[in-house]
Amino acid sequence: MEFKEIKNFFAVTRNLFEVLKEIRKMTDFRPEIGVVLGSGLGGLIDEVEIVEAIPYTAIKSFPRSTVDGHKGEYIFGYLEEKPVVLMSGRVHYYEGYSMEQVVMPVRIMALLGAETILLTNAAGGVNKSFKPGTLMCINDHISSFVPSPLIGPNDVLGERFPDMSSIYNKDLTKKLHECAEKLGIDLKDGVYLQTSGPNYETPAEVRMYSMLGADAVGMSTACEAMALNHMKIKVAGISCITNMATGISDKPLSHEEVKETADRVGKEFRDLVKTFISKL
Ligand code: HPA
């Protein structure tokens, strides 16, 4: 996307453009692929031949990641010889940021050059057959319980009323499954439902989400996928089911359990993402 000639932005694009200029002063790296690493899934960074790391705190008017397990930096480098930008940690709506701020980091990845973006997260399993440690390819989502990131003046990023019939790119989804099969990973398919968080769900809410067609529940991702779809970026998504959602398991939930399971399936997750990236 070329922004140089466009003068009269609304505030959203103007902020993005400022952030973009700031990052461009720090690196001229041009990623082709972007990856957002969810809670506890940051181990993939060890596999990257790092060219530059930019902490979110080094960027003016950029939201900071305040959650344990989310480091908060852009990593630029090569993974499987492909130029990538990784977001080690994201920001969430429950941290008190507006949806516009929440999706700013992924929009920036797109503006830096990434045309394909893989979104990952830790999620609770709503589908009773998904045990902790399951990897789920997101093939659709429900975001009706959080505000749309596209509320506000529409700008040059995309259409006012963007189509959302196929947010998760079908070719990428197929590729993820081919890679999983090659690696012997039982990758499931499913619908991700985003809540505002930060509280986990009640058993009654999980029953409702199940009736609505959700297979997994979490506090991120859908808003990012929508903002990227608006920009016509190709999106794929993987949820790591770290726990059975409330009421499905009778144990109380903790962030520690989420991080422990994400650690346990870290290797499978890394192998899947690496193989996927090598095929792009
Ligand atoms: N609910 C919401 N978000 C989550 C969960 C959950 O059970 N597990 C990991 N993130």
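When I say polar contact today, I mean a pair of N or O atoms within 3.5 Å; within protein, one must be able to donate a hydrogen and the other to accept it, and residues adjacent in sequence count only if both atoms are side-chain atoms. Okay, housekeeping. This is a predicted model, so local features need pLDDT of at least 70 and side-chain atom pairs count only at pLDDT 80 or more, while totals for chains, interfaces and linings use all residues. Residues are numbered from 1 along each chain as its sequence is written, and side-chain values use heavy atoms, with hydrogens and water left out.

So, the ligand. Which polar atoms does it meet? A polar side-chain atom of N243 comes in at 2.7 Å from a ligand nitrogen. On the backbone side, A122 has a polar atom 3.3 Å from a nitrogen of the ligand, and a backbone N or O of G124 also sits 3.3 Å from a ligand nitrogen. The protein covers 95% of the 260 Å² of accessible area that the ligand has on its own (Shrake-Rupley, 1.4 Å probe).

Who else is around it? The shell, meaning residues with a heavy atom within 4 Å, includes Y200, E201, M219, T242, L253 and V258. By class that shell is seven nonpolar, four polar and one charged; Ala, Val, Leu, Ile, Met, Phe, Trp, Tyr, Cys and Pro count as nonpolar, Asp, Glu, Lys and Arg as charged, and the others, Gly among them, as polar.

Strands next, which are DSSP E runs of at least two residues, with helices being H or I runs of at least four, numbered from the N terminus. β5 (116-125), β8 (216-218) and β9 (234-244) each give the shell at least two residues, and β5 has the largest share, with three.

Away from the ligand, there are nine salt bridges in the whole structure, each a side-chain nitrogen of Lys or Arg within 4 Å of a carboxyl oxygen of Asp or Glu. One of them pairs E47 with R270, at 3.1 Å from N to O. E47 is in the loop between β1 (33-37) and β2 (49-55) and R270 is in helix α7 (residues 266-278), so this pair ties together parts 223 residues apart in sequence.

Last, two backbone oddities. Most residues other than glycine have a negative phi, and most peptide bonds are trans. Here, G197 to P198 is a cis peptide bond, omega near 0°, with P198 in the loop between β7 (188-194) and α4 (203-212). And S61, in the loop between β2 and β3 (73-79), has a positive phi, near 45°.
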